[in-house]
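Hello,

Here is the structure I promised to pass on to you. Have a look at it first, and then read on for what turned up.

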Amino acid sequence: MASKIADVLIPLALDTAYSYAVPDGLALEEGDVVQVPLATREVAGVVWALREGQGANFKKVTGVLEGPNLSPRMRKFLDWVSWYTLAPKGSALAMSLKFPDPDRTEVVRVGVKLTENLPRRMTPARQKVIEAARDGIVRLKSELAHAAGVSNGVVDGLIDEGVLETLALLQEPVAGLPDPAFGDTTLSDGQDNAAKELVAAMGEEHPPVILLEGVTGSGKTEVYFEAVAEAVRQGKQALILMPEIALTAQFLDRFATRFGVKPATWHSGVTGRKRERLYAAIASGEVKVIAGARSALFLPYHDLSLIVVDEEHETAYKQDDGVHYHARDMAVVRGKIENAMVVLASATPSIESRVNVERGRYRHVKLPERFGGRSMPQIRSIDLRREQIPKGRWLSPSLVSSVEETVARGEQALLFLNRRGYAPLTLCRACAHRYECPNCSAWLVEHRFRRSLVCHHCGHVERTPQACVECGSLDSLVPCGPGVERIAEEVTELFPDKRTIVLSSDFPGGTERLRTELAAIAAGEVDIVIGTQLVAKGHNFPLMTLVGVLDADIGLTSGDPRAAERTFQMLQQVTGRAGRGEKPGRALVQTWQPDHPVIAALVSGDAERFYEEETRVREMAGLPPFGRLASLIVSAEEREVAEAHARAMAMVTEPPPGVMVLGPAEAPLALIRGRYRYRLLVKTEREVDLQAYLRSWLSRCPKVRGNTRVSIDVDPQSFL
DNA sequence: AGCACGCCGACT
DNA sequence: GTCGGCGTGCTC
């Protein structure tokens with residue numbers, strides 16, 4: 001006898017949906033969340049498909065679970081993500097499902113209200129409670145007790161005697177309703193045109209992907225807020241994706257200034273009951289605007305009409321464990337599936353987004369000027385081959401005098417060096433022993449404050465030894481090269497009476513203290529800031545008028561095919577810190593190669609030329625324009641296994657036709673959370689079949705013992 | 001992700 | 001002898 005069969009996808013690392021018999025009388029629909037037996041236990045899963053068939057030997061669906069189900073669009077998206085990333089379907093599903101946390105008992109908020117009844121015995125305390133409750137307002141038990149100035153026990157006693165009745169209180173809404181008409185919407189002409197373009201595009205039958213490019217300080221946020229306002233006006237939802245660190249109080253306040261309330265936020269810090277309620281409210285469409293980290297892309301939105309990817313070039317959008325994906329690219333796909341507009345916002349767009357603009361896949365909206373008539377900082381390079389720097393010093397005389405003038409005027413200077421610690425290399429003067437990490441092959445970086453040698457690759461830390469571990473000589477360690485701590489030492493010697501601070505990701509005291517310090521800098525309590533990449537983005541320092549880049553060449557020769565692009569973006573961001581307040585800013589860039597395309601473009605301010613040049617250079621180097629470049633990550637718990645597998649894939653195995661292995665990319669071998677990773681660059685001739693090529697290739701790769709995984713990172717638009 | 005099964009070291 | 005370590009593999 002034919003009966004109903006449900007193919008249920010379980011949020012585990014399983015690649016196929018399992019079939020279960022649907023018991024008679026159980027109403028099921030595709031997308032429903034159900035409970036099913038799996039081996040010895042019961043698990044939750046999602047009905048991926050329903051069909052008729054012989055289900056006699058299948059286990060039975062136990063029941064349907066309450067809560068939001070997954071729409072066909074959502075399921076299509078998850079299928080796509082799984083297909084594209086080579087991750088098991090169940091793993092993709094696991095990113096979307098948030099089941100109630102069983103450890104957490106439901107917190108029922110009980111309200112109390114006065115009845116007609118009088119207590120059998122009146123006491124002064126009871127009298128106070130009755131007085132306080134006389135207004136008829138329903139209050140929490142504890143609130144009433146507090147208002148009456150008595151303990152909870154008195155209230156409980158009155159409840160027992162029926163003088164007060166209890167009622168379940170409605171939950172507070174998870175987020176306020178943003179009001180598109182709330183705040184000031186004064187925009188510059190440039191902003192206004194851009195905003196109108198975005199809003200108009202939202203009304204198109206197939207809303208586009210728009211690259212919103214605007215220099216630091218041009219007010220991109222206010223522009224895309226207008227698109228968010230439009231989504232809210234239409235009663236639809238908007239998602240603002242941002243790198244986790246960018247979800248700051250500052251951003252939320254800006255949103256509140258425009259919309260009257262803070263947006264709902266979704267990130268790893270939102271947990272427990274709050275996470276569950278937000279999940280449900282997003283699924284029902286009750287919450288209109290969500291600002292979230294990349295994981296927010298996998299929520300079951302009810303009616304999404306806009307996705308903004310803020311700082312689209314940020315590498316933090318890449319997820320490198322579990323399901324490997326790039327949230328910006330997945331956002332583009334989700335937008336297509338949901339028929340929502342996607343806005344990619346950045347001051348320094350990624351090359352692939354530019355290429356997509358060129359190819360006509362994305363639209364380009366530009367904000368060429370700073371808001372409020374402010375100008376971009378003047379950038380000048382300092383040729384280190386010509387300007388002599390005293391031995392053991394790192395600031396050139398002209399940079400020193402500029403810092404001097406700047407702080408003398410009561411303005412701030414930022415000295416940027418993208419190297420944490422005191423010195424990037426430490427060696428023994430007596431025997432020339434170089435301190436190396438025992439796990440990876442990286443140099444150990446001296447951290448004087450912490451008195452330790454640290455591996456910046458894997459996090460290995462050891463005490464700075466008194467005597468050389470190799471030859472035993474005492475006090476023989478020599479620091480080679482500068483880190484921010486060493487620069488701080490130099491600055492203190494040069495400017496003993498100025499207030500300085502060192503900011504890097506290992507800042508002692510954690511994010512809490514860092515936030516206070518950033519606010520102190522903004523308030524002008526510091527004269528000279530010495531910082532790593534940490535200071536390159538986000539914070540606005542109105543008094544900062546000078547940025548000195550100490551070594552612009554760091555990273556230009558790393559062998560990473562994206563080295564030039566990354567360096568350019570970073571330098572543009574950091575020099576953009578200057579002159580964001582009343583006074584104009586300038587930047588001095590110390591370099592050994594002033595003619596390098598990255599430095600030349602930075603100084604001339606001609607980003608467009610740099611990107612053209614960079615695309616050309618890549619093509620000449622045999623690197624394909626984006627969309628045909630993939631990177632494979634082989635990872636395993638043992639170094640030998642990872643290396644062997646990577647070698648096998650790069651050389652032994654014959655790649656499928658049209659696929660070429662370009663060799664190791666970025667850090668060829670890295671130890672990340674106990675797994676060795678080997679990254680290979682792959683080029684393909686044809687875009688559309690890349691996935692199929694790689695699948696067939698991988699299936700023919702020799703099996704290497706151990707738990708190896710492979711992931712792929714390509715341009716998604718090729719596959720739509 | 002769980003959970004069972006299985007094959008080797010130190011214990012009542 | 002067996003309790004338990006975690007390596008490997010399966011779950012409709």
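T591 belongs to strand β28, which covers residues 586-591. This is a predicted model, and in it T591 has a relative accessible area of 0%, so it counts as buried. Its side chain comes to 2.9 Å from the backbone nitrogen of Q593.

Now to the rings. The structure contains 10 aromatic pairs. One of them joins Y224 and F225: the two centres are 5.6 Å apart and the planes stand at 90°, which makes the pair edge-to-face. Y224 and F225 are both buried. F225 also pairs with F259, again with 5.6 Å between centres but with 75° between planes, so this pair is edge-to-face as well. What does that second pair tie together? F225 sits in helix α7 (residues 220-233) and F259 in helix α8 (residues 249-259), so the contact links parts that are 34 residues apart in sequence. F225 and F259 are both buried too.

These rings belong to one aromatic cluster, made up of Y224, F225, F251, F255 and F259. F251 is in helix α8, and its relative accessibility is 6%, so it is buried, the cut-off being under 20%. If you would like a sense of scale, F251 and A430 are separated by 179 residues in sequence and by 53 Å in space, C-alpha to C-alpha.

Two arginines are placed over rings. R258 lies over the face of F259, 4.9 Å from the ring centre. For R448, the charged end sits over the ring of Y422 at 3.7 Å from its centre.

Next, the nonpolar core. In soluble globular proteins, nonpolar side chains tend to be buried together. The largest nonpolar core here has 83 residues, and the members that touch the most others are F77, Y224 and I240. Which element gives the most to this core? Helix α7 does, with eight residues. At least three residues of the core come from domain 1 (3-78 + 90-96), and at least three from domain 3 (189-248 + 260-274 + 288-367). Y224 therefore appears twice in this story, once in the aromatic cluster and once among the members of the core with the most contacts.

You may also want to look at the backbone in two loops. Most residues other than glycine have a negative phi. A432 is not a glycine, yet its phi is positive, at about 65°. A432 is located in the loop between β20 (425-428) and β21 (445-447). D475, likewise a residue other than glycine, has a positive phi near 45°. The loop that holds D475 runs between β23 (461-463) and β24 (477-480). Is D475 buried or exposed? Its relative accessible area is 59%, so D475 is exposed.

Last, the DNA. Which residues surround DNA strand B? They are L12, T40 and R41. Of the strand B atoms that come within 4 Å of the protein, 67% are accounted for by sugar and phosphate. R41 has a polar side-chain atom 3.5 Å from a sugar or linking oxygen of DNA strand B.

Happy exploring, and best wishes!

Notes: Residues numbered from 1 in each chain as written. Chains lettered and ligands numbered in written order. Predicted model: local features only at pLDDT ≥ 70, side-chain atom pairs only at ≥ 80, totals over all residues. Heavy atoms only, no water. Near = heavy atom within 4 Å. Polar contact = N/O pair within 3.5 Å; in protein donor to acceptor, adjacent residues only side chain to side chain. Phe/Tyr/Trp six-rings, centres within 6.5 Å; stacked < 30°, edge-to-face > 60°. Buried < 20%, exposed > 50% of the residue type's maximum accessible area, 1.4 Å probe, protein only. Helix = DSSP H or I, 4+ residues; strand = E, 2+ residues; numbered from the N terminus. Lys NZ or Arg CZ within 6 Å of the ring centre and 35° of its normal. Core = buried A, V, L, I, M, F, W, Y, C linked by side-chain atoms within 4.5 Å. Domains from an automatic or database assignment.
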